[in-house]
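Subject: Structure handover

Hello,

Here is the structure I promised to pass on to you. My notes on what turned up in it follow below.

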Amino acid sequence: MIRIRRLLVRELLALVGLTVAVLMAVAWWGAVRAMDTQANERASAGLAHLEGELNTRLKTAQQLGDSLGALWLTGALGPEPSEASQRLTQAVLHGYEGIPNIVMAGEDDQSFTGRFENGHWDTRVLVRADGVERVQSARWDPYGRLLARELTSMAPIHWRERPWYLLAKKASAPFWTEPYLFVNPAVPGISYIVPIRKTDGVFAGAICVDLLLEDLSRLVKDIQPTPNTLVVISDSKGRTLTAPDSPEYGPRGSLFMKPLSRTYLPVIHALQEAATPPSGQDKSWPRLRVGGITYLTQLRVLQGPPGIAWHISVAIPTMDLLKEARWRALASLYLGLGALGFVAWRVRHLARRFSDPLVKLAESSGALAHGEAVTPPPSDILEIQQVGEAFHAASRTLKERNELEARVQHIQRLETLGTLAGGVAHDINNQLQAISGKVALGLMTAPPEGAFRRHLEQAEEATLRCAEITLSLLSFSRPSRPEPVSLDLNAVVRQAAGLLEHMRGNRVKVVLDLAPDLPPVLGQAVQLEQVFINLGVNAKDAMPEGGTLTFATSTKASGGVSVRVADTGIGMSPEVLGRMSDPFFTTKAEGKGTGLGMAMVTGILAAHEASFTVDSEPGRGTVFMLSFPDLRESMA
């Protein structure tokens with residue numbers, strides 16, 4: 001026979017050691033395979049993000065140009081220097097801060113330019129006064145408010161002579177230009193041109209929305225996947241639209257629109273020579289080795305708006321992507337070996353914790369068979385603890401059984417007492433009814449004034465209080481649902497209005513317009529009184545500055561009764577009106593409402609087979625119209 005401690009140590013060490021070795025081999029193989037997959041996915045995510053940002057920038061420029069063009073055709077704005085036209089143009093420009101420059105030029109040589117600088121839009125329009133052309137400049141804040149305006153001495157630019165304007169005169173639809181050098185400032189960029197033609201096809205002018213190649217280069221730099229990644233956007237002629245910010249190739253301003261070559265961006269040049277741009281999304285990343293460095297590469301055609309035929313060339317050094325993953329894999333290997341040594345130590349410790357209490361438990365288990373009290377050995381292992389607690393189960397079960405029997409006897413006594421209380425209360429109530437009848441006869445014969453009548457009235461009041469006590473005892477012993485009775489709603493409304501007088505505040509006036517000879521309704525006075533109090537409290541809260549709360553009753557043509565509850569408060573919006581009866585929905589400040597008032601009103605009215613409608617608008621108050629059925633219909 002082998003002792004349990006030795007068996008546990010031997011078997012656990014063999015099992016854990018083999019398992020850890022297999023897991024580490026699989027983990028190492030998986031980490032090596034995952035490094036390539038992770039590199040491809042990370043590169044694909046960066047390229048997809050870049051494509052999305054480029055499309056967003058291009059579509060934003062198109063949206064601005066198309067919006068201004070549509071408003072120009074309606075006559076709402078244009079290049080003329082009118083105040084209304086400039087303000088509307090500025091309102092359209094608000095939200096397009098990513099656009100550096102726009103131009104609106106007409107055939108009458110009127111022009112409007114807008115440039116976004118230092119968080120402001122600066123605009124210039126051409127004005128003529130006494131035959132002299134002047135440039136009027138204005139500055140607007142980000143919210144479209146005019147900050148300053150002045151007539152400048154700068155020479156006006158005649159946009160009709162610009163190449164983009166000449167191209168617009170020949171075009172019938174908006175288009176993107178090829179990259180070219182702007183006039184002011186003299187920087188390279190591309191433009192989205194919107195020709196403006198009247199309904200008869202006559203050319204009226206053009207809109208030019210500019211994008212700077214410098215801005216596109218900054219966009220590429222901000223979202224490139226790794227610090228050493230080369231991302232270059234080129235047009236269909238192989239000219240670079242974005243340039244890397246690297247001293248290796250010289251100042252970036254001199255690199256725009258420069259053709260790729262073996263000396264200028266050799267990796268991108270080799271990529272474009274070796275690869276064919278795919279027609280769709282390609283998730284493969286071929287490796288290309290140039291200058292002793294291995295790159296993950298991809299050449300993709302930008303799926304952009306019509307007129308944009310750009311290539312996106314990406315070259316990511318593999319070390320940028322794999323260096324961190326390789327270090328993690330090596331670190332995992334060393335950590336695994338350390339974990340194996342730690343597990344061996346813990347297995348030995350676990351064997352002692354597990355075997356020692358089991359040995360003691362086995363030695364003391366014989367005493368349980370003789371009915372002797374056994375104290376189990378202490379252990380922090382749940383299962384061993386549960387086995388030890390089972391030794392005490394018999395004594396605890398016996399004790400609990402005795403306690404349960406005593407509790408059942410107590411419950412039986414309470415049940416007997418409740419039945420006795422119900423019977424006693426019933427008998428006492430019968431005697432109280434007899435006493436109440438005799439007191440009522442005495443009051444009928446007693447003189448209207450005098451001590452004798454006061455004594456009888458006090459006796460009648462005491463009898464009624466005793467009857468209420470016995471009724472409570474009957475409710476305890478024989479619970480039942482209260483029955484509705486015939487009610488005068490006018491009396492219920494007066495009672496509720498009287499209670500509201502104490503809580504409504506001095507600024508709220510309560511008006512009662514109660515119809516005489518009101519037919520009775522079937523219901524419970526306390527519950528209906530709660531309905532009117534809830535409606536009154538809500539009306540009071542809706543009139544913080546004071547107002548009028550009106551309760552009006554009337555007889556319906558069908559024989560039922562209507563109650564109108566109206567206030568002159570702030571009213572309810574359609575959203576609040578739609579959720580008015582939802583439980584826990586409230587418009588009051590936190591801690592001032594539970595949101596259960598209207599839910600309770602709805603429930604009480606439904607129990608009384610009554611309906612209600614609400615008419616409310618913000619600023620015009622609220623009117624609740626409650627409709628109660630005819631008493632004869634309710635009793636049918």
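**The largest cavity**

Helix H1 (4-74) and strand S13 (311-317) each supply at least two residues of the lining of the largest cavity. Before I go further, please keep in mind that this is a predicted model.

H1 is the top contributor to that lining, giving four residues. The full set around the largest cavity is Ala43, Gly46, Leu47, Leu50, Val220, Ile223, Gln224, Pro225, Val231, Trp285, Val314 and Ile316. By class they split into ten nonpolar, two polar and no charged residues. The space inside the largest cavity is about 60 Å³, and the count of cavities of 30 Å³ or more comes to two.

**The chain as a whole**

Some overall numbers may help you find your way around. The protein chain has 15 helices and 20 strands. It runs to 636 residues, of which 37% count as buried. Taking the contacts between residues at least 6 apart in sequence, 59% join residues at least 24 apart.

One pair shows such a separation in sequence: leucine 296 and alanine 43 are 253 residues apart along the chain, yet their C-alpha atoms are 8.2 Å apart in space. Alanine 43 is one of the residues that line the largest cavity. Leucine 296 sits in strand S12 and has 1% relative accessibility, so it counts as buried.

**The second largest pocket**

I also looked at an open site. The second largest pocket holds about 490 Å³ of space. It is lined by 29 residues, and those closest to its centre are Pro227, Asn228, Thr229, Leu230 and Pro244.

Which elements supply at least two residues each to this lining? They are helix H4 (213-222), strand S10 (230-234), helix H5 (266-274), strand S12 (293-301) and helix H6 (318-364). By class, the lining of the second largest pocket has 16 nonpolar, eight polar and five charged residues, whereas the lining of the largest cavity has no charged residues.

**Helix H5 and the loop before it**

H5, one of the contributors to that pocket lining, has Val267, Ile268, His269 and Leu271 as buried residues. Their cover includes S10, strand S11 (287-290), S12 and S13. Of these, S10 and S12 also supply residues to the lining of the second largest pocket, and S13 supplies residues to that of the largest cavity.

The loop between S10 and H5 holds threonine 240. Is threonine 240 buried or exposed? Its relative accessibility is 0%, so threonine 240 counts as buried. The side chain of threonine 240 makes two polar contacts with backbone oxygens: that of leucine 255 at 2.9 Å and that of lysine 258 at 3.2 Å. Leaving out residues up to four places away in sequence, threonine 240 touches Val232, Ile233, Ser234, Leu255, Phe256, Met257, Lys258, Leu260, Tyr264 and Leu265.

**Helix H2**

In helix H2 (residues 83-93), the buried residues are Ser85, Gln86, Thr89, Gln90, Val92 and Leu93. They lie on the same side of H2 because they cover an arc of only 155 degrees around the axis. Just past the end of H2, glycine 95 takes a positive phi of about 100 degrees.

**Two aspartates with positive phi**

Lastly, some backbone angles that you may like to check. Most residues other than glycine have a negative phi. Aspartate 109 has a positive one, near 70 degrees, and aspartate 517 also has a positive one, near 55 degrees.

Where are they? Aspartate 109 lies in the loop between strand S1 (101-106) and strand S2 (111-117). Aspartate 517 is in the loop between strand S15 (508-513) and strand S16 (521-523). Their surroundings can be read from the accessibility: aspartate 109 is at 11%, so it counts as buried, while aspartate 517 is at 76%, so it counts as exposed.

Best wishes

Conventions
Residues numbered from 1 in each chain as written. Predicted model: local features only at pLDDT ≥ 70, side-chain atom pairs only at ≥ 80, totals over all residues. Heavy atoms only, no water. 1 Å grid on protein atoms, 1.4 Å probe; cavity = no way out; pocket = protein on both sides within 12 Å on 5 of 7 lines; lining within 4 Å. Points joined across faces, edges and corners; volume = space filled by probe spheres on them. Nonpolar A, V, L, I, M, F, W, Y, C, P; charged D, E, K, R; others polar. Buried < 20%, exposed > 50% of the residue type's maximum accessible area, 1.4 Å probe, protein only. Polar contact = N/O pair within 3.5 Å; in protein donor to acceptor, adjacent residues only side chain to side chain. Contact = heavy atoms within 4.5 Å. Arc of directions from axis to C-beta.
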